[in-house]
Amino acid sequence: MQTPIYFSHEIRQLEQKALEAGVADLMERAGLAAAKLARELLAGKTSVLLISGPGNNGGDALVAARHLKAWWFKVTVVFTGEAAKLPVDAANAMQAWQEAGGELLDAIPADGKWDMVIDGLFGIGLARELSGRYLELVREINRMNLPVLALDVPSGLDADAGQTFRAAVRASHTLTFIALKPGLLTAYGPDYCGEIHLDTLGIDPAALIQPTGWLLEKSQVAAALKPRPRNSHKGMLGSVGILGGSSSMCGAALLAGRAALKLGAGRVYTALLADVAPAVDMGQPELMLCSPEKLFQIDHLSCLAVGPGLGQSPQAVQLLRQALETELPLVLDADALNLLSIHDDLQELTKSRKGGTILTPHSAEAARLLSSTTHDIQQERVHSATLIAQRLNSLVVLKGAGSICATPKGEWFINPTGNPGMSSAGMGDVLSGMIAALIAQRLTPQSALLLAVYLHGAAADDWVEQGIGPIGLTATEVADAARMLLNRWVYGR
């Protein structure tokens with residue numbers, strides 16, 4: 001079963017639908033879940049500092065405080081709001097805390113010593129920059145250098161966009177309620193959330209509101225994989241064409257071609273635009289190097305990847321146009337995307353294609369495609385990815401922390417794999433080759449995209465788990481690890 005993701009306004013709708021269905025104790029459920037997780041994380045330690053904010057997130061924290069106190073933990077509660085302005089449920093939680101003998105402080109004691117901080121300052125309702133007392137409180141929590149359990153979302157983090165409202169609590173764990181939110185998983189979200197825990201509070205969100213976004217998970221992306229028959233041959237495994245490699249950028253096309261080979265394509269043809277192009281790839285002589293003209297004469301290609309090192313010359317424009325006019329599935333990356341952004345006729349060709357089209361922009365390339373800015377793209381990553389997909393009738397992966405995969409139908413997926421080691425040259429070229437190889441092996445373009453994006457990040461994670469990277473991790477190493485993982489997933493080794 002896929003894990004759905006909802007925006008904040010959808011979470012509010014889910015809360016209302018749950019209330020209408022007779023679920024009236026969501027705050028009590030959330031607070032108990034928080035207390036149980038805190039007890040587990042404390043692992044025998046006893047002292048907790050709990051920050052309760054001016055809204056329902058603060059109410060969740062007060063319920064958690066009451067349970068922890070009943071379990072004999074030493075709980076210090078700092079309340080930052082005005083009791084008279086609390087929402088009804090939060091006011092009831094405060095009354096229950098005080099009736100249990102709990103105290104409320106208005107500032108963090110200067111001489112206090114704690115084993116953990118529970119952040120219940122602000123939840124998904126925050127929609128303004130932090131300032132004054134609240135800004136300083138967030139900074140003070142971060143200066144403590146203690147484990148932090150954030151409730152629903154780290155205070156100061158935009159639950160939809162993954163951006164900070166000037167500052168945000170850096171949590172070691174985040175317990176989010178009802179459903180995942182995109183801002184926890186993309187942009188800066190992973191840097192601030194730490195390990196994410198989900199408690200649905202007994203609600204089935206997908207039964208109440210049909211989701212359009214989901215978390216990519218191994219069980220989903222690997223479902224189409226199966227062992228090869230013993231009686232297989234290279235013709236059964238598809239032929240990939242790579243088009244790119246202009247002068248001084250041949251390496252990009254070669255990386256894409258090598259990745260396609262390592263992900264199992266039967267044959268890979270790499271067409272280089274450079275005037276002085278190598279006749280053979282000495283590092284991977286299995287690659288068949290040819291001219292762009294020769295590439296388009298091959299009648300058994302299964303997929304084309306266009307863009308790695310392509311350049312923006314008149315020849316590049318003509319070759320991209322020629323690729324768009326074929327009915328082959330296309331993977332467009334790098335300069336192919338830049339050319340699309342400045343040539344309206346190429347965009348029209350893309351929209352009207354019958355073969356599957358996959359676009360793989362990073363934020364700057366996405367900004368060019370939408371005539372926007374990198375800043376604006378990062379502020380609305382999910383919206384940006386879905387907008388490109390719909391405008392160009394293509395599948396899209398907006399790369400970056402928490403890559404967003406989007407379809408023309410408005411569906412989207414967030415990838416949880418990957419690490420900072422992927423911030424190096426050639427990673428996108430390898431991803432393009434991986435996608436093309438999976439399409440050549442008869443996965444649908446969407447299945448190939450989702451599997452490749454997840455596998456790409458998982459391969460980088462595998463290296464880091466072995467102590468290699470993230471610093472200095474290379475695209476070639478990621479391609480090697482992707483091959484190993486793919487075989488492990490297919491054959492169970």
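**View 1. Glu136 and its charged partner.** At 35% relative accessibility, Glu136 counts as partly exposed in this close-up, and the whole model shown here is a predicted one. What does the side chain of Glu136 meet in a salt bridge? The partner is Arg143, with 2.5 Å from N to O. Arg143 has 54% relative accessibility, so this residue counts as exposed. Opposite charges on side chains can pair up once the charged atoms come close. If you feel like hunting for others, the structure holds 13 salt bridges.

**View 2. A salt bridge between helices H9 and H19.** Here the side chains of Lys262 and Asp480 meet, 2.6 Å from N to O. This pair ties together distant parts of the chain: Lys262 sits in helix H9 (residues 250-262) and Asp480 in helix H19 (residues 475-491), 218 residues apart. Lys262 is buried, at 15% relative accessible area, while Asp480 comes out as partly exposed at 25%. Arg483 joins in too, linked with Lys262 and Asp480 in a network of salt bridges.

**View 3. Lys399 and Asp333, a pair between two loops.** The side chains of Lys399 and Asp333 form a salt bridge at 3.4 Å, N to O. Where do the two partners sit along the chain? Lys399 is in the loop between strand E15 (395-398) and strand E16 (404-406), and Asp333 is in the loop between strand E13 (330-332) and helix H12 (335-342); the two are 66 residues apart. Buried or exposed? Both Lys399 and Asp333 are buried.

**View 4. Helix H2, end to end.** Helix H2 (residues 26-42) has 17 residues, which at 1.5 Å a residue should span 24 Å, and its end C-alpha atoms are indeed 24 Å apart. Quite a few of its residues are buried, including Leu26, Met27, Ala30, Ala34, Leu37 and Leu42. With 3.6 residues a turn in an α-helix, residues three or four places apart point the same way. Right after H2 comes Ala43, and its phi is positive, near 50 degrees.

**View 5. Helices H17 and H19 packed together.** Helix H17 (residues 427-440) packs on H19 at an angle of about 30 degrees, with the axes 8 Å apart. That angle is under 35 degrees, so H17 and H19 are roughly parallel to each other. The crossing of H17 past H19 is right-handed. Which residues meet here? From H17 come Met427, Val430 and Met434, and from H19 come Ala475, Val478, Ala479 and Ala482.

Terms used: Residues numbered from 1 in each chain as written. Predicted model: local features only at pLDDT ≥ 70, side-chain atom pairs only at ≥ 80, totals over all residues. Heavy atoms only, no water. Salt bridge = Lys/Arg side-chain N within 4 Å of Asp/Glu carboxyl O. Buried < 20%, exposed > 50% of the residue type's maximum accessible area, 1.4 Å probe, protein only. Helix = DSSP H or I, 4+ residues; strand = E, 2+ residues; numbered from the N terminus. Expected span 1.5 Å × (residues − 1). Axes fitted to C-alpha atoms, helices over the stretch in contact; angles between N-to-C directions. Parallel < 35°, antiparallel > 145°, perpendicular 65-115°, else oblique. Left-handed = near helix turned anticlockwise from the far one by under 90°. Contact = heavy atoms within 4.5 Å.
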